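Biologist: Please take me on a close look at one part of this model, a pocket of your choice. I am in my first year, so explain each term as you go.

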Amino acid sequence: MMKLGFIGTGNMAGAIMGGIIKNEIFKPEEIIGADISAAGRGKASELYGIHTTDDNKKAAAESEVLVLSVKPQYYAETIAEIRDCISENQVIITIAPGKTLAWLEEQFGKPVKIVRTMPNTPALVGEGMTAACVNQYVTEEEKEYALKILRSFGKVELVPESMIDAVVAVSGSSPAYVFMFIEAMADAAVAEGMPRPMAYQFAAQAVYGSAKMVLETGKHPGELKDMVCSPAGTTIEAVRVLEEKGFRSAVIEAMKSCADVSRNL
């Protein structure tokens, strides 16, 4: 019996595997990954040293904890394929936006222990942010076990299921916006004459350090912003232009659209 199984071995699954193995929650030989793609299986095997198979039922039947890491549009057919292999003792971890606990239970058509989560790709470097909620069949002990797995690649918060769409917008999808921000800042630095590799380093480290200040000082982001803005200085001029161009509004509207799509998947 494998401790942990994955159905789907793509980027998110790989990020989770990497964190779990690095932090020695499970050994590679205790993990099995199923993927219909030979290339996907080969990559997972090469990068993480796990067992792989092209048989979803095998991974489902042989895992104590099973992560459904296929894209949301494949959830219904994947669950239909594996549901007869799932026992009442197994714990299912899902990572699909839009797929509610009620919908998942309906697909399985029997009592199944489900932990619904929304992780993000910084899990790959041990800095993930994951939200989790559980259904009524998951015991306190099983919940703690699932949270221990999820903590192996970053921070975890238990949230009411009604918050999951907000989570998708603020952490699940947001690395993409942050990467765009870093890329834009680096482009501007290049325009000012800085070599591109150096520009990426300066921009990324500034974002990393700023995020760390929010988390570690406990100060309001607005207060930290004010600390950088000297009277008649360079920073407040940049802030003025960002406000003029609708910077905050663009972020808010983007996240609202993101949450709406998540809700309707």
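Modeller: Happy to! Let us start with charge: the protein chain carries 26 positive and 34 negative side chains, and the centres of the two sets lie 1 Å apart. Here Lys and Arg count as positive and Asp and Glu as negative, while His and the chain ends are not counted. Each charge is placed at NZ of Lys, CZ of Arg, CG of Asp or CD of Glu.

A word on the ground rules. This is a predicted model, in which local features need pLDDT of at least 70 and side-chain atom pairs count only at pLDDT 80 or more, while totals for chains, interfaces and linings use all residues. Residues are numbered from 1 along each chain as its sequence is written, and side-chain values use heavy atoms, leaving out hydrogens and water.

The protein chain has 12 helices and 8 strands. These are DSSP runs numbered from the N terminus: helices are H or I with at least four residues, strands are E with at least two. Of the 265 residues, 40% are buried. Buried means under 20% relative accessible area, exposed means over 50%, and partly exposed is in between, using a 1.4 Å probe and protein chains only.

Now to our part, the second largest pocket, which holds about 890 Å³ of space. Its lining has 36 residues, and the closest to the pocket centre are Gly10, Ser69, Val70, Lys71 and Pro72. On a 1 Å grid over the protein atoms alone, a pocket is an open set of points with protein on both sides within 12 Å along at least five of seven lines, whereas in a cavity a 1.4 Å probe fits but cannot get out; lining residues have an atom within 4 Å of a point. Grid points are joined across faces, edges and corners, and the volume is the space filled by probe spheres set on them.

Which helices supply at least two residues each to this lining? They are α1 (11-22), α4 (75-82), α7 (164-172), α8 (174-191) and α12 (247-263).

Let us follow α7 a little further. Its buried residues are Ile164, Asp165, Val167, Val168, Ala169 and Ser171. Their cover includes two strands, β6 (113-118) and β7 (128-134), along with helices α8 and α12; contact here means heavy atoms within 4.5 Å. So α8 and α12 turn up twice, as contributors to the pocket lining and as part of the cover over α7.

Val178 lies in α8. Is Val178 buried or partly exposed? Val178 counts as partly exposed, because its relative accessible area is 33%. Although Val178 and Ala204 are 26 residues apart along the chain, their C-alpha atoms are separated by 9.2 Å.

Another of the lining helices, α1, leads into a loop that runs on to β2 (31-34), and Glu24 sits in that loop. The phi of Glu24 is near 55 degrees, a positive value in a residue other than glycine. Most residues other than glycine have a negative phi. Glu24 counts as exposed, because its relative accessibility is 69%.

Finally, compare the open pocket with an enclosed space. The search of the whole structure finds 1 cavity of 30 Å³ or more. The largest cavity has a volume of about 30 Å³, and its lining is made by Ile16, Val67, Ile93, Ile95, Thr117, Ile149, Leu150 and Phe153.
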